[in-house]
Amino acid sequence: FTASSRIKTIESIVMSSVDQDTYSALIFDCDGVIVESENIHREAYNAAFQEFQVSCDGQGILEWSEEFYDVLQNTVGGGKPKMRWYFKRHGWPTSTVLGGATPESETEQEQLIDTLQDWKTQKYKDIIKNGVEARPGVEALMDIAKSRGIPVAVCSAATKEAVIFVLENLLGEERFNGLDLFMAGDDVTAKKPDPMIYNEAAKRLNKDPASCLVVEDSVIGLQAAIGA
């Protein structure tokens with residue numbers, strides 16, 4: 001679809017759905033839905049691995065390919081859980097974070113994960129600042145739903161700081177502040193595919209989960225939405 005035809009298609013779907021009183025709330029995931037961000041995340045992780053010389057089993061600097069990251073982001077939700085999942089299966093890496101050593105305790109493992117995630121998040125922000133835009137039709141869909149009295153929310157597995165930054169930059173402060181609810185991975189104890197974030201969102205919106213429409217782009221996101 002071209003951007004204009006996408007928007008027209010979205011408008012017709014939303015108008016029809018609202019007229020039929022089908023949905024009581026519209027809930028968006030963020031990464032991959034509001035912004036084509038998954039490859040940006042991958043680039044930021046690879047940059048972090050390069051920055052801190054992260055290497056598993058002496059196989060050179062770790063680099064996640066597009067094919068692998070597509071599988072990974074459909075398997076594990078959240079940034080830190082992705083790295084933890086990977087390192088538990090491929091071995092904890094050496095890095096400059098611990099002076100070239102592998103982490104020997106849970107505390108050192110968390111130190112490694114936290115350092116990589118913090119640096120990666122800043123790199124991701126730097127890329128977003130350089131002209132990344134919301135996917136065509138997203139803002140129109142939000143505005144149409146709001147005009148019809150349907151609450152609009154965003155539920156992301158990413159950290160709250162990262163989600164706020166992305167939404168403010170892509171949607172603008174007015175549209176971001178106009179959201180009826182926004183939740184991030186920090187707000188729940190279980191990540192997608194667990195349905196906790198969507199169940200909690202429906203509760204806070206005071207809506208029946210079965211009447212909420214969720215827009216997702218990944219398998220684990222879809223599992224979380226359907227589970228709720």
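The following paragraphs describe helix α2 and the aromatic pairs of this predicted model.

Local features need pLDDT of at least 70 and side-chain atom pairs pLDDT 80 or more, while totals for chains, interfaces and linings use all residues. Residues are numbered from 1 along each chain, and side-chain values use heavy atoms, without hydrogens or water.

Helix α2 covers residues 38-51 (helices are DSSP runs of H or I, at least four residues, numbered from the N terminus). Its 14 residues reach 20 Å from first to last C-alpha, close to the 20 Å expected at 1.5 Å a residue, where the expected span is 1.5 Å times one less than the number of residues. Of these 14 residues, 10 are buried, that is, under 20% relative accessible area with a 1.4 Å probe and protein chains only; over 50% is exposed, and partly exposed lies in between. The buried residues of α2 pack against α3 (66-73), α4 (79-90) and α5 (106-129).

The whole structure holds 12 aromatic pairs: rings of Phe, Tyr and Trp (its six-membered ring) with centres within 6.5 Å, stacked if the planes are under 30 degrees apart, edge-to-face if over 60 and tilted otherwise. Among them, Tyr 45 and Phe 49 are stacked, at 6.3 Å centre to centre and 25° between the planes. About one helical turn separates these two residues, because they stand four residues apart in α2. Tyr 45 is buried at 1% relative accessible area, and Phe 49 at 0%.

Phe 68 and Tyr 86 form an edge-to-face pair, at 5.5 Å and 75°. This pair links distant parts of the chain, with Phe 68 in α3 and Tyr 86 in α4. Phe 68 is partly exposed at 25%, whereas Tyr 86 is buried at 10%.

Note on methods: Contact means heavy atoms within 4.5 Å.
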